[in-house]
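Please open the model in your viewer, keep the sequence panel beside it, and follow the selections below in the order they are given.

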Amino acid sequence: MKFMKLGSKPDFFQTEGDNIRYVATELGTDVAINVGDVKFYLHKFPLLSKSARLQKLVATTNDDNSDEIHIHDIPGGPAAFEICAKFCYGMTVTLNAYNVVATRCAAEYLEMYETVEKGNLVYKVEVFLSSSIFRSWKDSIIVLQTTRSLLPWAEELKVVSHCLDSIASKATIDTSKVEWSYSYNHKKLPSENGNDPLWNGVGKQQMVPKDWWVEDLCGLQLDLYKRVITIIKTKGKISADVIGEALNAYTVRRLSGISKGMIQGGDVVKNRSLVETVIYLLPTGSVPCSFLLKLLKAAVLLECGEMEKSELMRRISQQLEEATVSDLLIRAPADEEMMYDVDIVHRLIEEFVIRDQSAQTDPSLETEFQEIKTPRILSDTSKVKVAKLVDGYLAEIGRDPNLPVSKFVSLAEMVSSFPRSSHDGVYRAIDMFLKEHPGITKSEKKRVCKLMDCRKLSAEACTHAVQNERLPLRVVVQVLFFEQARASAGGNSTPDLHGSIRALLPGGSHGSSRSTTTNTEEDWDAVPTAEEIKALKGEISTLRLGDGNEGVGNDRNDHHGAKNQSEKVAASKMKGLLMSKKIFSKLWSNKERNGESSSDTSESPSSINAEETKSHSRSRRRSLS
């Protein structure tokens with residue numbers, strides 16, 4: 001820290017009690033000056049020789065036959081006045097970043113100008129500020145912080161503006177020219193620790209990070225921080241990602257708990273003002289999506305204005321593929337039954353979908369968002385990532401027993417057209433939802449299950465699905481059928497189905513993809529016995545496309561003809577299976593035994609017949625084998 005010493009005489013100021021200060025000399029004092037609640041007993045001559053204002057005040061007291069002067073509005077209070085008085089006596093005083101602004105304002109108040117005496121206090125303080133304080137990074141920040149209690153004096157004397165300009169200029173300087181100390185929490189390089197095997201003992205110049213200035217500014221109050229960041233942005237030398245990092249660091253420092261999606265204590269009005277200010281300061285260009293979602297969570301908790309929340313959602317939708325599931329888990333207001341605020345995530349997905357549709361009709365939008373980090377605004381990669389994100393989000397919110405079916409389905413359908421190679425994520429979300437919502441109707445369960453395309457399930461997901469008693473029997477039949485079809489095709493892909501077969505399946509199955517690495521759940525519910533699964537597989541195995549003389553793929557020369565013929569045979573057998581009252585009665589009875597019974601009816605006639613014949617014996621399903 002920079003400092004400057006003024007005067008050379010010893011300090012003769014003495015204290016009596018808490019509010020009396022006097023100069024201990026042989027010469028008696030001849031004036032008493034009341035500054036706030038402190039009374040100073042001083043001598044007129046040294047004071048009047050340097051202060052034009054005290055000359056006027058003493059002249060007034062002489063006219064009133066009084067030896068006391070009252071000063072109640074001097075900036076800096078008794079402490080700043082004492083420094084000025086000591087300077088008048090020629091006593092040693094030390095100026096530093098903590099007291100220099102108060103001294104400058106008090107000297108201005110007392111009119112200690114060069115016109116009164118050469119080398120007066122105002123001149124000396126100005127020299128110290130310009131030659132030392134404003135050239136120091138940390139001193140400039142300290143001085144700026146002290147100005148808040150000295151307004152409007154510090155503002156009128158240009159101290160605030162000089163500090164702001166000094167800080168902004170240093171923050172935007174080329175990092176190779178940064179030669180001062182700064183606060184930065186990072187792992188030391190090997191050479192900094194002296195552990196670098198190539199280090200020869202000679203100091204090396206370390207690389208200065210682009211965001212070296214971020215942490216030092218976190219100590220500023222909101223109004224000053226806003227002004228500093230605004231000037232830094234105006235200079236146009238700092239990238240958007242660094243500005244975003246600065247805002248992130250400041251928000252985390254000032255809003256306790258925001259990293260965990262909550263606000264712990266503090267003044268609600270001040271916290272709301274902070275969030276709204278940070279949103280206002282967000283730079284044009286890309287800011288980490290995780291930080292934007294933290295702000296959105298805080299904006300919801302603090303009930304910020306709709307304008308601020310809409311601006312955040314617009315920005316988030318432009319880079320939604322960068323988000324994670326935990327980022328989207330925004331707690332619902334306390335007066336709502338649901339665990340999470342699904343509506344706000346629905347709006348985010350809707351913004352993304354609208355942007356997709358707009359980009360397809362108006363290619364000029366691509367240049368509008370050219371600063372966004374994604375290489376292509378609406379690339380298939382982005383859509384795949386968003387679809388995967390939604391799948392994971394649905395799996396999490398599906399655990400909420402108060403989540404309505406309509407909200408679950410609506411959110412899933414918004415990304416149903418997005419490309420995906422697997423529907424394992426959709427299956428996992430559906431399974432989680434059915435587990436926590438056992439009381440939904442058969443039609444609601446059908447609506448949920450239609451989100452999934454059974455042809456796009458992995459072998460692992462198929463194995464789990466055929467043993468999952470939460471799924472409707474019709475879905476289990478589909479899964480087994482496609483599993484057998486895939487096996488007969490000799491690969492992992494499912495061949496296109498003949499229209500007559502497709503007609504037997506729930507129409508227009510849709511869904512989304514999710515990495516199979518997240519599908520496994522140890523707590524998936526109880527499953528049918530091995531004998532029951534074997535029985536059902538036995539029925540479906542008769543439909544294998546490559547069975548017997550109809551073996552598709554056995555004779556590659558007759559591949560296409562055999563395929564069409566086998567599809568017709570398979571369709572006929574499948575239809576016969578689904579229409580069999582006896583078989584479906586047995587199958588449904590066991591499903592109903594495990595809570596699958598419902599008052600709703602299925603589209604197929606066989607399901608109607610199945611509901612008429614109900615049984616509670618699992619042995620009847622085993623009889624199919």
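Begin by selecting α20, a helix that is mostly covered, since eleven of its 13 residues are buried. Here helices (H or I, at least four residues) are DSSP runs, numbered from the N terminus, and buried means under 20% relative accessible area with a 1.4 Å probe, protein chains only. The model is a predicted one, in which local features need pLDDT of at least 70, side-chain atom pairs count only at pLDDT 80 or more, and totals for chains, interfaces and linings use all residues. Residues are numbered from 1 along each chain as its sequence is written, and side-chain values use heavy atoms, with hydrogens and water left out.

Among the buried residues of α20 you can pick out Tyr-427, Arg-428, Asp-431 and Phe-433. If you then display α18 (380–397), α19 (405–414), α21 (442–449) and α22 (459–465), you will see elements that are included in what covers them. Helix α20 runs over residues 424–436, and its end C-alpha atoms are 19 Å apart, which agrees with the 18 Å expected at 1.5 Å a residue, where the expected span is 1.5 Å times one less than the number of residues.

Next, select α6, residues 137–146, which is also mostly covered, with eight of its ten residues buried. The cover over these buried residues includes α4 (100–109), α8 (159–171) and α10.

Within α6, which residue is buried yet has no salt bridge? It is Asp-139, whose nearest side chain of opposite charge, Lys-2, is 6.6 Å away; a salt bridge is a side-chain nitrogen of Lys or Arg within 4 Å of a carboxyl oxygen of Asp or Glu. The side chain of Asp-139 does, however, reach the backbone nitrogen of Lys-2 at 2.9 Å. At the start of α6, a side-chain oxygen of Ser-136 comes to within 3.3 Å of the backbone nitrogen of Asp-139.

Finally, turn to the aromatic rings, which form ten pairs in the structure; rings of Phe, Tyr and Trp (its six-membered ring) pair if their centres lie within 6.5 Å, and planes under 30 degrees apart count as stacked. Select Tyr-225 and Tyr-250, whose ring centres are 3.8 Å apart and whose planes are at 10 degrees, so the pair is stacked. This pair links distant parts of the chain, with Tyr-225 in helix α10 and Tyr-250 in helix α11, 25 residues apart. As a last selection, show Trp-137, Trp-180, Tyr-182 and Trp-212, which form one aromatic cluster.

Methods: Helix = DSSP H or I, 4+ residues; strand = E, 2+ residues; numbered from the N terminus. Buried < 20%, exposed > 50% of the residue type's maximum accessible area, 1.4 Å probe, protein only. Lys, Arg positive; Asp, Glu negative; His and termini not counted. Polar contact = N/O pair within 3.5 Å; in protein donor to acceptor, adjacent residues only side chain to side chain. Contact = heavy atoms within 4.5 Å. Phe/Tyr/Trp six-rings, centres within 6.5 Å; stacked < 30°, edge-to-face > 60°.
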